[in-house]
Amino acid sequence: MKENGAFNYLNVHVLISHSPSCLNRDDMNMQKSAFFGGVRRVRISSQSLKRAIRQSEYYHDNLGEPSTRTRDLARLKDKYADKLKERYDEALVSKVIDLIVKPKKSKDDKKGKKTADDGVTPSKESQAVAPWSVAEVAKICEIVEAAEKEKLGEDALVKKVKDAAKPIIETLSQNAFDVALSGRMATSGLMNSVDGAMAVAHVITTHEASAEVDWFTAVDDLTEEDSETGAGHLNTQEFGSGVFYRYASLNIAQLMENSGARERKDVLDKAAHLVHLLATVVPSAKQNSFAAHNPADLVFVTFSDIPLSYANAFEAPVRRAPAGGLIKPSIDALMNYVRNVYTGYGLAGKHAFYTLWDADFKPKLETLETLKDWVRRDGAPS
């Protein structure tokens, strides 16, 4: 617990049942899976879930425009030149992006040794996929535009821009909120590294789950009209269903630092939106074929001193209820584990949850919106 008495970690636990689907695939076009508790589970990678959240309409409306992740600098220049065309010309935007991706000087550079990198052409490393914020590019355009009036040499210009841009880049804007959440690895001398404030686990089923195989065909309408038999296309697709456990932990102090927030309440409002996203966003893969647009069955949120996953509630795979179904047994397994952990370790904290099902754990809030308001109030009663 911090000196002001506030708990630093917001832990979000979600149980969500997906009807038959294939929401995340590997390089062989097979459904992703993982072994846990000695049995196979269907898996959705944390990267897949984070991207779905970042690209969602709700995120855009409530948390701002996400950064762009790309290694295609030509397309990035075109995109940002178009976004900033009312303020800066295309040549300036292009120059700023080149300055940002200019590689860090290596030890050999500093010793005066010749390297393959000419210091101007971005290296492969500097072109690695990294989050780009249009707000950061715009600010650096402003700095470069002012510095160019002094007619400095290339090295002097880079140094002046770097010194002036450092406090701007270190304090991420609203338009780079996803960088504040997930972090960024620096790949150049100007771009800074950011420690992510949110950790997201790979999503797994609470029970054993094996993929099924769908043998599907696509009928050629024109050959069928000519009374020809046979399909125009044949293929297979794995799919499965299950109750999935999602877990994310938010370091509130880190998010305040990354986003430049002065008050805790500012990031708690954003945290409430993250709860909504974790409860409602579903990856888009194969959704036109399966339409597994399912909301969460349970959302459990805690403020605590430490990040704490409840995945081990399902280390022994959940068995279906006598009357059928895996949602209620999964909720019961989660709640029993929570009680045991809190009692056994003497944990302190605040917690609340919302569920579509009957559960005796308290406090149970009536709607997802009331749970979000509880987060905004820092866990205080209404």
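Leaving aside neighbours within four places in sequence, S249 touches Y9, L10, N11, A197, M198, A199 and P307, where contact means heavy atoms within 4.5 Å. The residue sits in strand β9, which covers residues 233–251. Helices (H or I, at least four residues) and strands (E, at least two) are DSSP runs, numbered from the N terminus. S249 counts as buried because its relative accessible area is 4%; buried means under 20%, exposed over 50% and partly exposed in between (1.4 Å probe, protein chains only). From S249 to F303 is 9.8 Å, C-alpha to C-alpha, with their positions 54 residues apart in sequence.

This is a predicted model, with local features needing pLDDT of at least 70 and side-chain atom pairs counted only at pLDDT 80 or more, while totals for chains, interfaces and linings use all residues. Residues are numbered from 1 along each chain as its sequence is written, and side-chain values use heavy atoms, with hydrogens and water left out.

Zooming out, the protein has 14 helices and eleven strands. Of its 382 residues, 47% are buried. Among contacts with a separation of 6 or more, 73% link residues 24 or more positions apart. About 20000 Å² is exposed, and carbon and sulfur atoms supply 49% of that; the areas come from the Shrake-Rupley method with a 1.4 Å probe, and for residues only the protein chains shown count as cover.

Then there is E145, found in helix α6 (residues 134–148). E145 is partly exposed, as its relative accessible area is 36%.
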